Amino acid sequence: MSFFKRLKDKLVGNPAEGEKVVEINEEEVAEQKLDDATEPAQIEAVIDEVEEVEETSVTDSPIETENPVVIEDQEQQEVQEVAIVEEPVKEKKPSAWSITQKFKAGLEKTRNSFTSKVNDLVARYRKVDEDFFEELEDLLLQADVGFETVMELMDKLRFEVQRKNIKDTNGIQTIISEKLVEIYEQGEEDLIDLNMQPQGELTVILFVGVNGVGKTTTIGKLAHRLKSQGKTVVLAAGDTFRAGAIDQLQVWGDRVGCEVIKQSEGSDPAAVMYDAIHAAKNRKADVLICDTAGRLQNKVNLMNELEKVHRVISREVPNAPHEVLLALDATTGQNALVQAQTFKEATNVTGIVLTKLDGTAKGGIVLAIRNKLHIPVKFIGLGEKMDDLQPFDAERYVYGLFADGLDKELQNSED
């Protein structure tokens, strides 16, 4: 299946549904926009106001005591108002279109920097020759795609151009996009799926990473995501070294409605994990998400502490932690790659959460991490909202990089 075909299927859903799918998605988009525009705090404030009006109207209004029919009609109207206000609070599954738009918006800085240069390159070179490949190679390196990944991509592009006897640059962005997706996926499937345990068993997710990468915020967003799927989530405040870290996690716990197991600042992180595991078991929770202290790769004692935490979790829950997610700041570029390599050596990292991808012009680091370390990027942060943590999707990611050029080529292919 071609890149365009797969992308179009993801944008509009199952093509077998025909126009029905498009209509459903348009409704979903409208509902999604309504959800984005209505903050939970505003909803609660309106509900409280309605309840106050209801209480006042029932107890204090002399007109209502004289006109029972008016009371009944007014109560019914207020109940309807409350129902209307509460309706946007329900968790709605975002449409395929809206998810793709998140990728497109989140990668805007990278696209403006990288893709505009690619467009200029394509405009200047009408023929695909060695000079074109050399300039394209430089652009990819500037976007932090990584040396090994760029070399592999250039080999694949040269082979494809020769195989198809391509002479001009028309449609070259499509070929680049397809090859980038191939390099990322490397024949593997279900890269983004979390290793969730069967119903009734506790899933333990351990978060690691240096300070300042958005680890605690990402934990809160992931907890929100899992709760929206109907799971009971408990948080463990294992970052006992950084001032304010426990309070920060508590704020997120209150915000998403998750219990936070914690001890005093400076406590043994392994002891916190022990308490959290037993608390999660007693409460029959589905998922326990564990925060840990931010540590630099050259701090041996902190790395040893992380190994101790890992041992305690494994002892209390067989085969746990089921996921070790490394939070990386996308804006740090190649430094994020160095961090990933070091943490991979210290602990069994099973996936990457790349934060702040919307804040960098070098979003190609996703490909570098995957291709060099063979660790899947499971989630990416595309904004500050609670639902801006998205499962990574190679095709949507590449579309986000080349959206403008691909949209034109897609339109030309349909005409």
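## Close-up views of an aromatic cluster and its chain

**View 1. F132 and F133, two buried neighbours.** F132 is buried, and F133 is buried too; here buried means under 20% relative accessible area, with exposed over 50% and partly exposed in between (1.4 Å probe, protein chains only). Y125 joins F132 in being buried. Before you look further, note that this is a predicted model, in which local features need pLDDT of at least 70, side-chain atom pairs count only at pLDDT 80 or more, and totals for chains, interfaces and linings use all residues. Residues are numbered from 1 along each chain as its sequence is written, and side-chain values use heavy atoms, with hydrogens and water left out.

**View 2. Rings that pair up.** Rings of Phe, Tyr and Trp (its six-membered ring) pair if their centres lie within 6.5 Å; planes under 30 degrees apart are stacked, over 60 edge-to-face, and the rest tilted. This rule gives three aromatic pairs. Y125 and F132 make an edge-to-face pair because their ring centres are 6.0 Å apart and their planes meet at 70°. F132 also pairs edge-to-face with F133, at 5.9 Å centre to centre and 65° between the planes. Together, Y125, F132 and F133 form one aromatic cluster.

**View 3. The chain around the cluster.** The chain holds 17 helices and eight strands (DSSP runs numbered from the N terminus: helices are H or I, at least four residues; strands are E, at least two). Of its 415 residues, 49% are buried. Among contacts (heavy atoms within 4.5 Å) with a separation of 6 or more, 75% link residues 24 or more positions apart.
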